[in-house]
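Have a look at this one with me, helix by helix and pocket by pocket. The chain and its fold come next, and then we can get into the details.

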Amino acid sequence: MDRPGFFDLMSFGPDGWAPALLQATLMTLAVAGTGYLIGGTLGALLAWAKLRGGPVLRGIAGTYTTVLRGIPDLLVIYLFYFGGSMMLTKLVRGFGYEGFVDLPGFAAGAMAIGVVSAAQHAEVFRGAYRAVNPGEIEAASAIGMSRSTLFRRIVLPLTARHALPGMGNVWQITLKESALVSVTGVVELLRQAQIGAGSTRQPFYFFFAAAVLFLVVTWGSGLILGRAERHYNRGLQR
């Protein structure tokens, strides 16, 4: 009996894996999106510490970015998954539970990706803030603008304008790093492709389909980010 062809395997028919691959793509987006939000929030705090914090905060932020940018991302995921599971187990044993508790793979993967991308976000935000023309801030202060209004109407929009290209690059990196969370048991796109390849013994078809889906997601993300960049730069366009 002939093996199913590429279009049979990638269809919604009885032998098709399209529903499973699409569901895994949504899981990839969920992991990447959650990690990106965590990284953006933590990265903003790190950037603030580097720009406005005292020697201690600057030292902590500098050490954080140095360490996280120097450790392989897969190793960070392992540390979060197994370290988090150990901490949860010790915590529940304090309440009399004797079993072992696994940290959910999604939570471990998203948090690990978040703390890694935070180091990248911090450098993006720090560079974007320094690119803001100090004269614009001084002019706003000279006319009596309050600090909150100055931040909301001058500093934040100008910083976002300079940060968007870098934030787009961090998103693309985060999206690709989401493939690593399969080691925690999360069935994201690459893991689903591996499952399909093992079940059908057609690895090329599934890995090619996963590559196409990743490209579609990154292409769509690029369109959205490009539109955001044009929105913030429309005052500079001729």
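Start with Asp73, which is in contact with Val116, Glu177 and Leu180 once its neighbours within four places in sequence are left aside; contact here means heavy atoms within 4.5 Å. Asp73 is found in helix H4; helices (H or I, at least four residues) and strands (E, at least two) are DSSP runs, numbered from the N terminus. At 22% relative accessibility, Asp73 counts as partly exposed, on a scale where buried means under 20% relative accessible area, exposed over 50%, and partly exposed in between (1.4 Å probe, protein chains only). Its C-alpha atom sits 21 Å from that of Phe125, 52 residues apart along the chain.

A word on where this comes from: it is a predicted model, in which local features need pLDDT of at least 70, side-chain atom pairs count only at pLDDT 80 or more, and totals for chains, interfaces and linings use all residues. Residues are numbered from 1 along each chain as its sequence is written, and side-chain values use heavy atoms, with hydrogens and water left out.

**More of H4, and a stop in H8**

Helix H4 (residues 73-93) also holds Thr89, and Gly84 is found in H4 too. Thr89 is buried, with a relative accessible area of 5%, and Gly84 counts as buried at 15%. Not counting residues up to four places away in sequence, Thr89 touches Gly99, Phe100 and Val101, while Gly84 touches Leu79 and Leu103 on that same basis. For a sense of distance, Thr89 and Val186 are 97 residues apart in sequence and 20 Å apart in space, C-alpha to C-alpha. For Gly84 and Lys176, 92 residues apart along the chain, the C-alpha separation is 23 Å.

Over in helix H8 lies Gln192. Is Gln192 buried or exposed? It counts as buried, at 10% relative accessibility. Its contacts, again leaving out residues up to four places away in sequence, are Trp17, Ala20, Leu21, Ala24 and Val187.

**Two bent helices**

His121 lies in helix H5 and is buried, with a relative accessible area of 0%. Beyond its neighbours within four places in sequence, His121 is in contact with Tyr36, Gly39, Gly40, Gly43 and Val170.

H5 itself bends by about 30 degrees at Ala118, the bend at a residue being the angle between axes fitted to the seven residues ending there and the seven starting there. Even so, the 27 residues of H5 reach 39 Å from first C-alpha to last, close to the 39 Å expected at 1.5 Å a residue; the expected span is 1.5 Å times one less than the number of residues.

H7 is another story: a straight helix of 31 residues would span 45 Å, but H7 spans only 38 Å between its end C-alpha atoms. H7 bends by about 45 degrees at Ala163, and a proline, Pro165, follows within four residues.

**Pockets**

A pocket is found on a 1 Å grid over the protein atoms alone: it is an open set of points where a 1.4 Å probe fits, with protein on both sides within 12 Å along at least five of seven lines, and its lining residues have an atom within 4 Å of a point. Grid points are joined across faces, edges and corners, and a volume is the space filled by probe spheres set on the points.

| Pocket | Volume | Largest share of lining |
|---|---|---|
| Largest | about 640 Å³ | H7, nine residues |
| Second largest | about 160 Å³ | H9, four residues |

The largest pocket is lined by 20 residues, and Trp48, Arg52, Tyr129, Phe151 and Val155 lie nearest its centre. Helices H2 (18-52), H5 (105-131), H6 (134-142) and H7 (147-177) each give two or more residues to that lining. By class, the lining has 15 nonpolar, three polar and two charged residues; Ala, Val, Leu, Ile, Met, Phe, Trp, Tyr, Cys and Pro count as nonpolar, Asp, Glu, Lys and Arg as charged, and the others, Gly among them, as polar.

Lining the second largest pocket are Phe6, Met10, Ala18, Leu21, Leu22, Phe208, Ala209, Val212 and Leu213. H2 and H9 are the elements that give two or more residues there, and the lining has nine nonpolar, no polar and no charged residues.

**One loop residue**

Finally, Arg201 is found in the loop between helix H8 (189-200) and helix H9 (203-232). Its phi is near 60 degrees, a positive value in a residue other than glycine. Arg201 is exposed, with a relative accessible area of 64%.
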